[in-house]
Amino acid sequence: MNADDFPAAASRLCTACGMCCDGTMFQIVKLQPGDSAAELGRLGLKIRSRGGAFHMEQPCAALKELRCTVYDKRPTRCRLFHCQQLRLLETNETTETAAMSLILKARAQVAQVRHLIEQNGLREDGQALQDRFERVMSTPVDATLEPELAEAQEALDQAMRQLRLVINREFRPPPLSK
Ligand code: SF4
Ligand code: SF4
């Protein structure tokens, strides 16, 4: 891919994906020196502090229909973050078509995990996927007394494992995370 074509291709991929903003890949994004917690909070981002450091919670409140609505003012880590697919695209080690295909497959897996979480009794609550998964899995189920519930938990566990494999192999860039 010509370097001039990369930004538009990346934009097409990201607006079909959103997984590094919607709570699929990350639970929080740490703010960096130069990021204004107050200003980002005023923009509606869910800013929290822990041990004197600020972070924003995901799913990000600025993500609307897979687009960042605070793009020009987004935090440093969002500016610097390129997932593995974008990196490979930039170095011509993959194509936009191949990357898009992986994104669509991964998003179908995310939809399946979300569906299974709901089947396990936890409605959409605006929390990151990993937090919701852990909440379901922390509920003890007796397979003898409640075989259907045990089966539903097992199906979720399997689906989440498969999703994690794909995210770690195809999207999470070593070593810096968002
Ligand atoms: S995971 Fe990659 S393709 Fe998806 S939105 Fe983030 S940077 Fe874009
Ligand atoms: S501020 Fe924008 S780029 Fe950063 S997580 Fe939110 S939607 Fe994504």
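Which residues are around ligand 2? The views below take that up and then move on through this predicted model.

**View 1. The shell around ligand 2.** Around ligand 2 sit Cys21, Val29, Cys60, Ala62, Leu63, Cys68, Val70, Arg74, Pro75 and Cys78. Sort them by class and you get 9 nonpolar residues, no polar ones and 1 charged. Cysteines turn up at positions including 21, 60, 68 and 78.

**View 2. The shell around ligand 1.** Here the residues are Leu13, Cys14, Cys17, Gly18, Met19, Cys20, Cys83, Gln85, Leu86, Ile103 and Phe171. Two helices, α1 (6-14) and α4 (84-90), each chip in at least two residues of this shell. The class count for ligand 1 comes to 9 nonpolar and 2 polar, with no charged residues.

**View 3. Helix α6 against helix α7.** Zoom in on α6 (residues 129-137) packing with α7 (residues 147-171): the angle is about 150°, and the axes lie 10 Å apart. Angles over 145 degrees count as roughly antiparallel, so that is the label for α6 and α7. The crossing of α6 past α7 is left-handed.

**View 4. Who touches whom between α6 and α7.** On the α6 side, the contact is made by Phe133, Val136 and Met137. From α7 come Gln153, Leu156, Asp157 and Met160. As for the mix in this α6–α7 contact, 5 residues are nonpolar, 1 is polar and 1 is charged.

Conventions: Residues are numbered from 1 along each chain as its sequence is written. Chains are lettered from A and ligands numbered from 1 in the order in which they are written. This is a predicted model: local features need pLDDT of at least 70, side-chain atom pairs count only at pLDDT 80 or more; totals for chains, interfaces and linings use all residues. A residue is near a molecule or strand if its C-beta atom, placed from the backbone, lies within 6 Å of it. Helices (H or I, at least four residues) and strands (E, at least two) are DSSP runs, numbered from the N terminus. Ala, Val, Leu, Ile, Met, Phe, Trp, Tyr, Cys and Pro count as nonpolar, Asp, Glu, Lys and Arg as charged, and the others, Gly among them, as polar. Axes are lines fitted to C-alpha atoms, for helices over the stretch in contact, and angles run from 0 to 180 degrees between N-to-C directions. Angles under 35 degrees count as roughly parallel, over 145 as roughly antiparallel, 65 to 115 as roughly perpendicular and the rest as oblique. A crossing is left-handed if the near helix is turned anticlockwise from the far one by less than a right angle, and right-handed if clockwise. Two residues are in contact if their C-beta atoms, placed from the backbone, lie within 7 Å.
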